[in-house]
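I opened this notebook to record what I looked up in the structure, entry by entry. The entries begin at one turn and work outward from there.

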Amino acid sequence: MFFRVVALSVAGLLLGPTTEAMSESNQETALWRNVGTWAVYVDKTTKYQCFITTLYEDNTIFRIDFEAPNSKAGLYVALANSNWTSIEAGKDYDLILQVDNEPGWPSPATGYRFGSMPALIVGTNQTAFVDQLMRKHSLRVFFNGNQILNLSLRGSNAALLEMGNCQNQVDAYLGRKNGGGTGSDPFAGDVAAPAQKDPFATY
């Protein structure tokens, strides 16, 4: 799939004590490796595709998955927060995803529930977007013209590279061919919490 190629050439379900809310079953995902504040998993429900996930201080969960083989999108991005209780599963939400000061990516999202955790899922085939996630420092998310998230991408390059390595090794094992802060450090990437806890409440 396209992202595996990008991950190598340019270089869910959540699980664990703090992110278990987004996993439907502990038996459906398996930890591959921790990379800094990110974790790499294998998801059995998507034909053993790898994904990465991290948890922020405002309880936002960010996850990037390889899609199952033959899916329309190469990967999907999931954003979840327990405060977003008004999100309806299956409903459309038009987001703009902006990496650093790059032009924003119009990103149609779909409401979803990982167990009881409300989430939005965006599918993409944009290799340039993935490249930005690897090289840049922050991801801002806009809904209805308002910024609802400002997430640090600290450590994302190493995590995404390990996600590609995970997928290549899993595919090889299965005999499947690849297809496609604060303080003294000014680059620590502080996370800004949304001004409104549930920005989707009136829609």
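**Entry 1. The turn between strands 7 and 8.** I began with the hairpin of strand 7 and strand 8, which has 2 residues between the strands. Gly-115 takes a positive phi there, near 65°. I note at the outset that the model is predicted. I then looked up the pairing of the two strands and found that strand 7 and strand 8 pair in the antiparallel sense over 5 bridges. Within that pairing, Gly-111 of strand 7 stands opposite Leu-120 in strand 8.

**Entry 2. Leu-120.** I next asked whether Leu-120 is buried or exposed. Its relative accessible area is 1%, and because buried means under 20%, Leu-120 counts as buried. The residue lies in strand 8, which spans residues 117-124. Leaving aside residues up to four places away in sequence, I listed its contacts; among them are Val-77, Leu-79, Trp-84, Ile-87, Leu-95, Ala-109 and Phe-200. Tyr-93 is also on the contact list. The C-alpha atoms of Leu-120 and Tyr-93 are separated by 7.9 Å, although the two residues are 27 apart along the chain.

**Entry 3. Strand 5, on the other side of strand 8.** Strand 8 also pairs with strand 5, in the antiparallel sense and over 6 bridges. Here the bridge partner of Leu-79 is Leu-120. I checked how well strand 5 is covered: 7 of its 7 residues are buried. In a regular strand the side chains alternate between the two faces of the sheet. I therefore looked at each side of strand 5 and found both covered, with Leu-75, Val-77, Leu-79 and Asn-81 buried on one side and Tyr-76, Ala-78 and Ala-80 buried on the other. Strand 5 also runs antiparallel to strand 4, with 7 bridges joining them. In that pairing, Asn-81 of strand 5 is the bridge partner of Thr-60.

**Entry 4. The hairpin of strands 6 and 7.** I returned to strand 7 (residues 105-114), which pairs with strand 6 (residues 92-99) in the antiparallel sense over 6 bridges. Asp-94 has Pro-108 as its bridge partner in strand 7, and Ile-96 stands opposite Pro-106. This hairpin has 5 residues between the strands, and Asp-100 takes a positive phi near 50°.

**Entry 5. The whole sheet.** What is the order of the strands in the sheet? I read it as 1-2-3-4-5-8-7-6-9-10, an open sheet of 10 strands with antiparallel pairing. Strand 1 (29-35) and strand 10 (146-152) stand at the edges with a single partner strand each, so one side of each has no neighbour in the sheet. Neighbouring strands are turned by 30° against each other on average, direction ignored. Helix 2 (residues 127-135) packs on the sheet and touches strands 4, 5, 6, 7 and 8, its direction making about 55° with that of strand 6.

**Entry 6. Helix 3.** Helix 3 (residues 156-174) lies across strands 1, 2, 3 and 4, running at about 140° to strand 1. The helix has 19 residues and reaches 27 Å from its first C-alpha to its last, close to the 27 Å expected. Its buried residues include Ala-159, Leu-160, Met-163, Cys-166, Gln-167 and Val-170. Gly-175 follows the helix with a positive phi, near 70°.

**Entry 7. Aromatic pairs.** A search of the whole structure gave 5 aromatic pairs. The ring centres of Tyr-41 and Phe-51 are 5.4 Å apart and their planes are at 20°, so I recorded the pair as stacked. Tyr-41 lies in strand 2 and Phe-51 in strand 3, so this pair ties together parts that are 10 residues apart in sequence. Both residues, Tyr-41 and Phe-51, are buried. Tyr-112 and Phe-114 form an edge-to-face pair, 4.9 Å centre to centre with 70° between the planes. Tyr-112 is partly exposed at 34% relative accessibility, whereas Phe-114 is buried at 1%. I also noted that the charged end of Arg-63 sits over the ring of Phe-51, 3.7 Å from its centre.

**Entry 8. Overall tally.** The protein has 3 helices and 10 strands. Along the sequence they follow the pattern α-β-β-β-β-β-β-β-β-α-β-β-α. Buried residues make up 51% of the 203 residues.

Definitions and conventions
Residues are numbered from 1 along each chain as its sequence is written. This is a predicted model: local features need pLDDT of at least 70, side-chain atom pairs count only at pLDDT 80 or more; totals for chains, interfaces and linings use all residues. Side-chain values use heavy atoms; hydrogens and water are left out. Helices (H or I, at least four residues) and strands (E, at least two) are DSSP runs, numbered from the N terminus. Buried means under 20% relative accessible area, exposed over 50%, partly exposed in between (1.4 Å probe, protein chains only). Contact means heavy atoms within 4.5 Å. Two strands pair if DSSP finds at least two bridges between them. Axes are lines fitted to C-alpha atoms, for helices over the stretch in contact, and angles run from 0 to 180 degrees between N-to-C directions. The expected span of a helix is 1.5 Å times one less than its number of residues. Rings of Phe, Tyr and Trp (its six-membered ring) pair if their centres lie within 6.5 Å; planes under 30 degrees apart count as stacked, over 60 as edge-to-face and the rest as tilted. A charge sits over a ring if NZ of Lys or CZ of Arg is within 6 Å of the ring centre and within 35 degrees of the ring normal.
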